[in-house]
Amino acid sequence: MASIFTKIVNGEIPSYNIAETEDFLAFLDVNPNTKGHTLCIPKKEVDKIFDLDETTYNNLMAFSRKVAIAIEKAIPCKRIGISVIGLEVPHTHVHLIPLHSMEDARFIQKVKLSEEEFQEVADAIKAQL
């Protein structure tokens, strides 16, 4: 069965896309730790990040870096945190989280954004790419 992220890649579920290449997709997390929390995924569904072939792994990290730099330009924060946990969705994903404190990296507190706010954030980040 396809993961929720594969359904996003296939356009079956809407998302606030930030960046896309032939092999990767970046989109806003709809349950964000902070404003601008973004997920970067390979389009090919692979459960665990270390099961990616070396080229895909390195290219995912390079793609994530490019997106993180754009987020940092668009969203006021101290830095962009990166986290790969992989327990909640069986599809490799990199969390890029604008950090104001260590609490923002804990996945305990979430922020609520309206559809308009999500779209404004996505547009602001895309403008920095």
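**Exercise 1. Place Lys43 on the buried-to-exposed scale, then find its salt-bridge partner and say where both residues sit.**

Step 1. Start with the accessibility: Lys43 has a relative accessible area of 21%, so it lands in the partly exposed class, given that buried means under 20%. Keep in mind throughout that this is a predicted model.

Step 2. Now look for the partner. The side chain of Lys43 meets that of Glu20 in a salt bridge, with 2.7 Å from N to O.

Step 3. Put both on the chain. Glu20 belongs to strand β1 (residues 17-20), while Lys43 lies in the loop between β3 (38-42) and α2. They are 23 residues apart, and the pair links distant parts of the chain.

**Exercise 2. How many salt bridges are there, and which residues make the ones that do not involve Lys43?**

Step 1. Get the count: it comes to three salt bridges. Side chains of opposite charge can pair when their charged atoms come close.

Step 2. Take Glu103 and Arg106. These two form a salt bridge, and their closest N and O atoms are 3.1 Å apart. Glu103 is partly exposed at 41% relative accessible area, and Arg106 is partly exposed too, at 45%.

Step 3. Move on to Asp123 and Lys126, whose side chains meet at 3.9 Å, N to O; the cut-off is 4 Å, so the pair counts. Both sit in helix α3, and because they are three residues apart there, about one helical turn separates them. Asp123 counts as partly exposed at 40% relative accessibility, as does Lys126 at 36%.

**Exercise 3. Which residues form the negative surface patch, and is Glu120 buried or exposed?**

Step 1. List the members: Glu115, Glu116, Glu117 and Glu120 make up the negative patch.

Step 2. Locate Glu120. You'll find this residue in helix α3, which runs over residues 115-126.

Step 3. Check its accessibility. Glu120 has a relative accessible area of 55%, so it is exposed; the bar for that class is over 50%.

**Exercise 4. What stands out about the phi angle of Phe107, and where is this residue?**

Step 1. Read the angle: phi of Phe107 is near 60°, a positive value in a residue that isn't glycine. As background, most residues other than glycine have a negative phi.

Step 2. Find the spot. Phe107 is in the loop between β5 (94-99) and α3.

Step 3. Add the accessibility: with a relative accessible area of 24%, Phe107 is partly exposed.

**Exercise 5. How far apart are the C-alpha atoms of Lys73 and Gln128, and is Lys73 buried or exposed?**

Step 1. Place Lys73 first: this residue is in helix α2 (residues 54-74).

Step 2. Compare sequence and space. Lys73 and Gln128 are 55 residues apart along the chain, yet 6.7 Å separates their C-alpha atoms.

Step 3. Classify Lys73: its relative accessibility is 54%, so it counts as exposed.

**Exercise 6. Zoom out and describe the overall fold pattern and dimensions of the protein.**

Step 1. Count the elements: three helices and five strands. In sequence order they read α-β-β-β-α-β-β-α.

Step 2. Test the compactness. The radius of gyration is 14 Å, close to the 14 Å from the globule rule for 129 residues, so the protein is as compact as a globular protein of that length.

Step 3. Finish with the extents and the burial. The C-alpha trace spans about 35 × 30 × 30 Å along its principal axes, and buried residues account for 40% of the 129.

Key. Residues are numbered from 1 along each chain as its sequence is written. This is a predicted model: local features need pLDDT of at least 70, side-chain atom pairs count only at pLDDT 80 or more; totals for chains, interfaces and linings use all residues. Side-chain values use heavy atoms; hydrogens and water are left out. Patches are made of residues with over 30% relative accessible area and no salt bridge: like charges are joined within 9 Å, nonpolar side chains (Val, Leu, Ile, Met, Phe, Trp, Tyr) within 5 Å. Accessible areas come from the Shrake-Rupley method with a 1.4 Å probe; for residues, only the protein chains shown count as cover. Lys and Arg count as positive and Asp and Glu as negative; His and the chain ends are not counted. The place of a charge is taken as NZ of Lys, CZ of Arg, CG of Asp or CD of Glu. Helices (H or I, at least four residues) and strands (E, at least two) are DSSP runs, numbered from the N terminus. Buried means under 20% relative accessible area, exposed over 50%, partly exposed in between (1.4 Å probe, protein chains only). The radius of gyration is taken over C-alpha atoms; the globule rule is 2.2 Å times the number of residues to the power 0.38.
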